[in-house]
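This report describes how helices pack in one protein model and where its nonpolar cores lie. The structure is shown first.

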Amino acid sequence: MRCIGKGAESARMFCGIMNLPPPPTKFSKYNHILLQATRETCEHSMTEAVREAVDENDGKRDLAVAVDGSWQKRGFSSKNGLVTVTSVDTGKVIDVEVFSKHCICPNKTKHLQNSKRNFEGYSEDGDSKAFTSIVENKVYGDHCSVEKLECIGHVMKIMGTRLRRLKTKMRGQKRSDGMPLCGRNRLTEAEIDRLQAYYGLAIRRNLSSVKDMQQAIWAIFLHKLSTHENPQHGFCPSDTDTWCKFKKVELLVETYHHKNSLPVDVVEAMRPVFRELANPELLKKCLHGGTQNPNESVNNVIWSRVPKKTFVQLEVLSLGTYDAVSSFNMGNVSKLEILRKMCIEPGDYTVQAMECLDKQRLLRAKYSCLQKTKEVRKEKGLKRKKEEDELLKNANYLEYGAGMF
């Protein structure tokens, strides 16, 4: 039941429908046995993940890792959380820590001996504070320096966030051409999504040089600023595989008519955002080319076993986390190892089912990584976004707000 994100009540329902004997009402003993087996399997999978990361790093134990915290509930009110550490080279989890602020000690006089609470503090990720604390406390010794890198996916999203913030800030204000910043053929949500995607590509395609990254980012800005009377494509790539249609037409000795340019006032309003996000110090932290996607993926696997809508205690949270990490690193066949550690030999159907699930997962992952699949996914996303923008523009309804009715 925990593997599919359900608990005791679901187990009783399942047994009842299948005409099976009900599960035991007091199963703390079984929980403890299962937790111990799951923890051992999880630790073994992380040990193997460390070995793989060291081998991938030519035997060096100075590993690049991605650290991410996640809480069960939003709004700084969650009592349960966890931190995952994944290898940048392999993407596998090499460490995990589970936290809980919940305490139900019946005997307050023996609170310290019986309490399962292992964390006190605010329920927030605090990535910057965590890095600062590691540096100040020198947790790895005086002779080991720790450098903070940036997730390319997160940096890319900053572009969209800053442009949306600019759009909100200047709402109702008119530019020098007498028009607002947003609107048709101006800074729309679809245009922001495109600029965010272009910014991410400018970083990903130039991982060898910060200077090349800067040039590619400013090429986006100048490309949008270009008009038929004043083309500014000097920074756009000029090879035969260029994304710039002006350069493509130029190679064919033809005339290009600018269709998708933004008004000068709109582009100039975005200049401070581009200047800030083309900062060499920021781009230097993106040269590694990695993301925190593995952390986000393992968090998703964990919260599928311990749903965010249902509060659980530390033991159940740990059980779901260890099972999720084992599956993430080793696949569903890790469940066979958990059963064996409890002296339960898996049956033929169990082995076949787990192997089949892993095979299907690998096939889906391989298919989703194909370039053609990515392009189809991207086109669908842009089409859906465009349709949403059209619906919002043509919608004739009252917005909901506190105190409006």
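Helices α5 and α6 are roughly antiparallel to each other, because angles over 145 degrees count as such. The model is predicted: local features need pLDDT of at least 70, side-chain atom pairs count only at pLDDT 80 or more, and totals for chains, interfaces and linings use all residues. Residues are numbered from 1 along each chain as its sequence is written, and side-chain values use heavy atoms, without hydrogens and water.

Helices here are DSSP runs (H or I, at least four residues), numbered from the N terminus. Axes are lines fitted to C-alpha atoms over the stretch in contact, and angles run from 0 to 180 degrees between N-to-C directions. Two helix pairs are listed below.

| Helix pair | Axis angle | Axis distance |
|---|---|---|
| α5 (152-169) and α6 (189-204) | roughly 150° | within 9 Å |
| α14 (334-341) and α15 (348-368) | about 150° | 9 Å |

Lys335, Leu336 and Leu339 of α14 meet Thr350, Val351 and Met354 of α15, where contact means heavy atoms within 4.5 Å.

Between α5 and α6, the residues in contact include Val155, Met156 and Met159 on the α5 side and Tyr199 and Ile203 on the α6 side.

The largest nonpolar core (buried residues, under 20% relative accessible area, joined through side-chain atoms within 4.5 Å) has 34 residues, and Tyr199, Ile203, Met270 and Phe274 have the most contacts inside it. Elements giving two or more residues to this core include α5, α6 and α7 (210-225). Helix α7 provides the largest share, 9 residues. Tyr199 also touches Ile217, Ile220 and Leu277, among others, not counting residues up to four places away in sequence.

Technical notes: Parallel < 35°, antiparallel > 145°, perpendicular 65-115°, else oblique. Buried < 20%, exposed > 50% of the residue type's maximum accessible area, 1.4 Å probe, protein only.
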